[in-house]
Amino acid sequence: MSHSLKVFFVFTLLFLAVVEAKHKKKHKHKIRHGPKPFLPLIPPFGSDELPPVPQLPPIFEPPSNIPQLPPFPLKQDGEEGQGVENTQQDAKEGIENKLFEVTSIGHWEIISENAGVSAMHINLLPTNKIIVYDAKVYRTSRIKLPDGVPCVPYRDMGGQEDKLDCFAHAVEYDIETNQVRPLQITAGDPWCSSGGVAPDGTFVSAGGFDTGARSVRYMGPNCQNCEWREYDNIFGADRWYATQQILPNGEFILVGGRRSFSYEFIPVEGQRGEKPYFFPFLYETSDIDENNLYPFVHLSTDGNLFIFSNNRSLLLNPTTHKIVRTFPVLPGGSRNYPASGMSALLPINLNDPATATKAEVMVCGGNLPDAFHIAETTKIFLPALRDCNRLTISEPFPEWESELMPSGRTMGDLLVLPNGDLLLINGATMGTAAWWDADLPNYTPVLYKPEDPKGLRFTVLKPSQIARMYHSTSTVLPSGKIWVSGSNTHNTYRDVDKFPTETRVEAFSPPYLDANFDKYRPQIDEDASEKELAYGGLFEASFSVEDGAELTKNNIKVSMYSPPFTTHGFSMGQRLLFLKIDELNVQGQEGSYRVRVEAPPSNAIAPPGYYLLFVVYRGLPAAKGMWVHIQ
Ligand SMILES: *[C@@H]1O[C@H](CO)[C@@H](O)[C@H](O)[C@H]1NC(C)=O
């Protein structure tokens with residue numbers, strides 16, 4: 001060993017010793033009340049006696065009779081400032097480029113009475129199946145393993161007894177039939193793991209609890225009746241509550257996890273991972289309640305990773321391991337688990353050269369740094385944060401821009417819709433993540449229009465009747481509906497409780513699915529469209545609109561969406577791009593079109609893999625998104 005190496009080695013050891021000492025001091029109290037204790041010291045509701053199930057009122061009463069405005073004629077006066085001197089052509093352009101004015105506040109339906117498992121982790125796959133999995137640690141669910149599949153032996157945590165687990169903890173949910181297929185997990189527990197879809201369509205799930213903390217599980221690619229391929233002991237550190245993000249080269253990075261102040265990469269299937277990279281930022285942002293778990297990670301347009309933990313954020317170059325930039329602290333509280341705010345990357349607009357490399361993130365809700373501690377020890381639930389904040393991460397010195405949501409939200413999901421609007425859904429208005437630590441569900445989804453002027457961006461939508469609290473999830477379907485499931489605020493499955501374990505699945509139809517607008521909804525002709533894209537290359541898609549004489553290059557958009565992996569209020573890998581439209585050509589019949597579009601220019605803008613492509617006409621997304629692939 002050379003002298004300089006020795007010096008470096010000694011310094012590293014010293015540094016680690018200091019960090020370790022500091023960490024021990026900081027986490028002393030954890031022994032008493034870490035999140036998710038196996039046997040919580042405080043009984044959830046006092047005794048074995050179950051509380052009555054109250055019918056909680058929705059937070060927002062929807063207006064009882066919403067006027068159904070006809071779609072046409074659209075507003076002729078006002079905003080556009082059309083004077084008498086305007087030519088008729090100008091007026092027509094102004095009108096036809098406007099968004100449809102949909103006044104609906106959405107619609108809820110139950111699409112499955114029992115998905116078998118409570119949907120703690122989900123990902124829509126290119127096979128139109130949603131992979132759904134829960135924790136194994138409960139040793140129960142509402143679906144058994146199929147006949148002929150052997151039960152999984154395990155050792156009981158308390159009793160040191162050998163037992164058999166005959167329940168399925170994962171299912172494949174068919175979005176066309178709403179039926180499930182139970183799946184067996186035999187190796188490490190995927191409880192509080194991460195996930196993502198690899199460039200070839202393979203679902204890759206990483207980390208979890210106990211023997212699962214260093215596991216990787218694979219499903220697929222693109223096969224019917226696949227089973228998991230599981231590998232334990234792959235990683236150099238435990239990845240329990242870590243975040244997974246696909247990189248431009250198609251690899252996955254894993255960031256953080258409980259007491260893992262590092263990141264590492266998921267190796268090729270079957271191989272051991274390389275050493276983790278120590279990442280002090282995660283340690284520095286860990287506080288009394290941690291609040292640094294499931295960090296919000298977004299891939300910026302320059303290939304760097306935006307990482308947000310607690311109330312701080314930075315840009316990391318995942319290749320050189322250099323911190324490229326640090327951003328201003330976001331005041332107001334803690335945003336990551338267990339305070340559990342929400343975050344998304346706003347749509348990237350490639351159709352305008354001025355915005356083609358702009359990357360902006362949003363961070364909303366959460367709770368105060370000690371809200372979890374207070375909830376755990378006193379069962380007093382602090383109100384969730386109400387602020388929503390935007391930061392342009394592609395600028396050198398951006399500032400947070402804040403606004404207020406109609407309601408506070410913790411443990412909610414922030415989904416990007418195919419038309420570029422965002423949806424805040426699920427979660428609670430009081431308390432934090434973790435078992436028994438929240439109250440007053442936020443039944444009410446809220447629409448957010450990022451392009452509208454500040455103050456006019458939020459619309460309160462129709463509330464659900466079902467509480468979707470801790471361990472609930474949601475995802476955008478190709479139909480534009482939102483699949484909503486899960487919610488289990490306990491350490492087991494409970495049928496009767498203030499918040500019973502939910503295995504029902506709902507579909508929420510956002511306003512753009514209002515049936516009054518069906519005749520304006522683009523229908524993509526998949527057989528006449530290209531589905532295999534090349535970076536920067538032109539490709540074509542055919543579509544028709546029933547009442548579609550008015551379409552121009554300027555009143556349609558083409559979006560490309562990567563369905564995320566969602567757990568614990570964060571949708572990993574979620575990304576929506578508006579593609580550059582080259583040309584719109586009318587085909588034979590009226591209302592029939594062929595659009596020529598430029599595929600994303602690089603793998604930093606769009607990491608390789610499967611995306612859902614939508615044609616959007618004046619704010620209405622295509623009736624069914626089409627799977628496309630880029631590599
Ligand atoms: C950021 O979070 C830390 C840890 O919870 C807290 O101590 C600090 O006061 C916060 N900073 C601001 C500006 O809110």
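This tour visits a ligand site, a four-stranded sheet and one buried glycine.

The model is predicted: local features need pLDDT of at least 70 and side-chain atom pairs count only at pLDDT 80 or more, while totals for chains, interfaces and linings use all residues. Residues are numbered from 1 along each chain as its sequence is written.

**Ligand.** Select Asp 287, Asn 291, Asn 310, Asn 311, Val 329, Pro 331, Ser 334 and Pro 369, the residues around the ligand (C-beta atom, placed from the backbone, within 6 Å of it). Coloured by class, this shell shows three nonpolar, four polar and one charged residues (Ala, Val, Leu, Ile, Met, Phe, Trp, Tyr, Cys and Pro count as nonpolar, Asp, Glu, Lys and Arg as charged, the others, Gly among them, as polar).

**Sheet.** Next, display the open antiparallel sheet of four strands, ordered S16-S17-S18-S19. Strands are DSSP E runs of at least two residues, numbered from the N terminus, and two of them pair if DSSP finds at least two bridges between them. S16 (296-299) and S19 (323-326) are the edge strands; each has a single partner, so one side of each lacks a neighbour in the sheet. Neighbouring strands are turned by 20° against each other on average, direction ignored (axes are lines fitted to C-alpha atoms). Zoom in on S16 and S17 (residues 305-309), which pair antiparallel over four bridges; Val 297 has Ile 307 in S17 as its bridge partner.

**Gly 212.** Finally, go to the loop between S9 (203-206) and S10 (216-219), where Gly 212 sits. Gly 212 is buried, with 28 other C-beta atoms within 10 Å (buried means 20 or more, with C-beta atoms placed from the backbone). Beyond its neighbours within four places in sequence, its contacts include Asp 189, Pro 190 and Trp 191 (C-beta atoms, placed from the backbone, within 7 Å). Ile 234, 22 residues from Gly 212 in sequence, lies 9.8 Å away, C-alpha to C-alpha.

Note on methods: Axes fitted to C-alpha atoms, helices over the stretch in contact; angles between N-to-C directions. Buried ≥ 20, exposed ≤ 12 C-beta atoms within 10 Å, placed from the backbone. Contact = placed C-beta atoms within 7 Å.
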